[in-house]
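Trainee: Could we go through this structure together? I'd like to learn where the labels come from.

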Amino acid sequence: MTFVLATRRSQLALWQAETAARLLRAAWSGLDVELLPVESAGDRDQKAALERFGRIGIFTVEVDRAVIEGRADAAVHSLKDMTTTLLEGVQLAGVLARGPVEDAWLSPAGTRLADLPPGSRVATGSLRRRAMLLARRPDLVTVGIRGNIDTRLAKLAAGAADGMILARAGLARLGLAERITEVLDTRTFLPAVGQGLVGLTCRAGDEAAARRLFAITDLEARDAGVAERALLAGLRGGCNVPVGAHARVVESTLSLRARVLSPDGTQAVEGEITGARDQAAPLGDSLARDLLERGAGRLIEEARG
């Protein structure tokens, strides 16, 4: 039997899809797994700032549409790219083991972030990273950047900025960890919702595909992802607002910490919640309501404006 996985065409996306394919072949003897590369809207438009796209899922919609149309049995995504409300007709059926969650600082000169001279330029395509950077170093200048990891590294080497912040997981998965100058502490740089996680979708109601994907699911990673996504859904924030979150699972307990910032980093609302792991979604929703009651909604609207 052939099982087709839809994926974006980027090097990191293909790494994620190949990893899922390898796990599926190991879990299901005799299963032939093939990849279906799909170009996303986010890959076609390399110039517009990500926040301008809102909540439309620029890196996921076309990939999931291949599943809905029957061209693929399942799709592989970076979980942080997935909208909290999925495209109608698909379901999140699996999550792979989590990679590193931290952000990473890259400096061609090898300068640590704290030692960067005032006025230095820092490249990032993320509102969250920009806000957290300015909260720590308001004397720095942020510049937007788009493209896959290789493209961004090339722009950095060409002098587009004095340093850059990227997800540690992507660099590690592509064998580029040696380019990291400093791993940023999650207490200061809370990661994006779903950072380091790989999500697997299939058609809603496709029990056979869902069983295959569940067999390669890491349950701790799944529960962490569920809590973080429930938080983001409760905040009605979408994936392009200054929100950071990190869920950790230890045996039967889940703890979730989150922070919502103003775009310039001068204001923030932060909170944490701990509870039973099997209540991952309610915990995320409860923390979202707490943050909203303390002013997070105003900061999110400011970011959208």
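Mentor: Sure, let's begin with the largest nonpolar core: of its 25 residues, Leu-231, Leu-235, Leu-254, Leu-256, Val-260, Leu-287 and Leu-291 touch the most other members. Keep in mind that this is a predicted model, where local features need pLDDT of at least 70, side-chain atom pairs count only at pLDDT 80 or more, and totals for chains, interfaces and linings use all residues. Residues are numbered from 1 along each chain as its sequence is written, and side-chain values use heavy atoms, leaving out hydrogens and water.

Trainee: What makes a set of residues a nonpolar core?

Mentor: Its members are buried (under 20% relative accessible area, with exposed over 50% and partly exposed in between, using a 1.4 Å probe and protein chains only). They are Ala, Val, Leu, Ile, Met, Phe, Trp, Tyr or Cys, joined through side-chain atoms within 4.5 Å. A second, separate core of 18 residues includes Phe-3, Ala-17, Ala-21 and Val-198.

Trainee: Which residues of helix H7 are buried?

Mentor: In H7 (residues 207–214), they're Ala-209, Arg-212 and Leu-213. Helices here are DSSP runs (H or I, at least four residues), and strands are too (E, at least two), numbered from the N terminus.

Trainee: Why do we say they line one face?

Mentor: Looking down the axis of H7, the buried residues fall within an arc of 95° (taken from the directions from the helix axis to the C-beta atoms), so they line one face. The face turned away from that buried side carries exposed Glu-207 and Arg-211.

Trainee: How do you know that H1 has about the expected span?

Mentor: H1 has 17 residues and reaches 24 Å from first C-alpha to last, close to the expected 24 Å. That expectation is 1.5 Å times one less than the number of residues.
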